[in-house]
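Me: I'm new to reading protein models, and I'd like a close look at one part. Could you walk me through the parallel sheet and what lies around it?

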Amino acid sequence: MLSRSAAVIRAQAAVFAKTGAPSEVMHVCTRQLPAVSGDGVLVRMLAAPINPSDLNQIEGTYPVAARFTDGLAVGGNEGVGEVLEVGSHVTDLSAGDWVVPSHGGLGTWATHVHAPRSQLARIPREWRSTLSPLHVATLRVNQSTAYRLLRDFGTLQPGDWVVQNAGNSAVGRCVVQVARALGLRTASVVRDLREQPGRLELLRRELRALGGDIVASEGEVTKGALRQVHAKLALNCVGGRSGGLLARVVQPGGWLVTYGGMARQPLALPTAPLVFGDVRAAGFWMHRWYERQEDCAERDEMWRWLLRLAEQGGLSLPPVESVVWREDMREQEVSALVRRAVEWQAGAKRAFVFGTQA
């Protein structure tokens, strides 16, 4: 709910006063926002995803700590909103523009956000004319991570192989689609699903429909399912034994890039590919990439490319459960909604959708 007077702006936000289990520490409160002036911008949020990194930040296990103000931190680091009002010093934004966070820590799980202009990036209408708010809301993390992984490690040519684990994750699905657009072939490894054999076949169909070439379980990989694959690039977001399986199919001189640790286990790398195959191991963190950019040119080119691909039908969202947060809902009702939404659930992808957007 947003109420405004000449000097007072109040909006709902999902907040926490201490780190801990998200479903236990999160609640919704109505907070007063500053009046819009100077370089300030008032934004009505349209959509904001719930990413694993957001939950890790609430738990206190993420490298970037939450920003506490007056004892409270607002959840969420990604999303898209519509500009309602700008301060007198802001000349390059106007009411109706769509904006996304230019930095993490904005606190996007809120009906409205007041932020300095420097913390927002405009998404021109011509970049996203046919796209939903939910698609633009997930641009900054998963889609961009997939793009950078395929662009920044080695020199990949059409026809080259890329192998990845967690192929059915949000980033994994983006990797398959971006790779297809670049003319690359993908082999995606997914968890063993012995108790759900029908689920594995469903994942094969889904990833192949997105443009994937091979989809195999970890058990199938140990039996030689990727024998014909000689990958120039391996993408690991699981760690443990799964990451080591990828290293075995990387060709000499190739890259093994780790960008996550879903298994919460140390990466177990075989010695031979590193010593005799000159396979290079590296880490990648999207947050650090953004922090290192001296200007917006490369970022904007990346976002423009990804949104153009989406508008052409080449980059679709993973299955997402929309958690509708209406402005007329009471604090207690929204608090219960938020606590359910932030519960850890393997394979689930959720996003807050504000107002009447669906």
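Reply: Here is a walk through the sheet, its helices, two loops beside it, and then a few side chains elsewhere.

Keep in mind that this is a predicted model. Let's start with the sheet. It is an open one with 6 strands, and if you step across it you meet them in the order β12-β11-β10-β13-β14-β15, paired in parallel. At the two edges you'll find β12 (214-217) and β15 (280-283), each of which pairs on one side only. From one strand to the next, the twist averages 20 degrees.

What holds strands together in a sheet like this? Strands pair through backbone hydrogen bonds, in either a parallel or an antiparallel way. Take β14, which covers residues 250-258: it pairs with β15 in the parallel sense over 4 bridges. To see that pairing up close, find V257 and look across to A282 in β15, which stands opposite.

Now for the helices on the sheet. Helix α5 (residues 170-181) packs on it and touches three strands, β10 (161-165), β11 (185-190) and β13 (231-236). The direction of α5 makes about 165 degrees with that of β11. Helix α6 (residues 197-209) packs on the sheet too, touching β11 and β12, and its direction makes about 155 degrees with that of β12.

While you're at α5, which residue sits in the loop between β10 and that helix? A166 does. This residue has a positive phi of about 50 degrees, even though it isn't a glycine. That's worth a pause: most residues other than glycine have a negative phi. A166 counts as buried because its relative accessible area is 9%, under the 20% cut-off.

Over by the edge strand β15 there's another case. D278 lies in the loop between α9 (271-275) and β15, and its phi is near 55 degrees, again a positive value in a residue other than glycine. Is D278 buried or exposed, or something in between? Its relative accessible area is 48%, so D278 is partly exposed.

Next, the cysteines. A disulfide is a covalent bond between the sulfur atoms of two cysteines. How many does a search of the whole structure find? The count is 0. C174, for example, is in no disulfide, and the nearest cysteine sulfur, belonging to C237, is 12 Å away. C174 is also buried, since its relative accessible area is 3%.

Finally, let's look at some rings. There are 11 aromatic pairs in the structure. In one of them, the ring centres of W289 and Y290 are 5.5 Å apart and the planes stand at 80 degrees, so this pair is edge-to-face. W289 and Y290 are both buried. Y290 has a charge over its ring as well: the charged end of R140 sits there, 4.2 Å from the ring's centre. You can find a similar kind of arrangement at W98, where R128 lies over the face of the ring, 3.9 Å from its centre. And if you'd like one more stop, ring pairs link W109, W325, F352 and F354 into a cluster.

How values were computed
Residues are numbered from 1 along each chain as its sequence is written. This is a predicted model: local features need pLDDT of at least 70, side-chain atom pairs count only at pLDDT 80 or more; totals for chains, interfaces and linings use all residues. Side-chain values use heavy atoms; hydrogens and water are left out. Rings of Phe, Tyr and Trp (its six-membered ring) pair if their centres lie within 6.5 Å; planes under 30 degrees apart count as stacked, over 60 as edge-to-face and the rest as tilted. Buried means under 20% relative accessible area, exposed over 50%, partly exposed in between (1.4 Å probe, protein chains only). A charge sits over a ring if NZ of Lys or CZ of Arg is within 6 Å of the ring centre and within 35 degrees of the ring normal. Two strands pair if DSSP finds at least two bridges between them. Axes are lines fitted to C-alpha atoms, for helices over the stretch in contact, and angles run from 0 to 180 degrees between N-to-C directions. Contact means heavy atoms within 4.5 Å. A disulfide is a pair of cysteine sulfur atoms within 2.5 Å.
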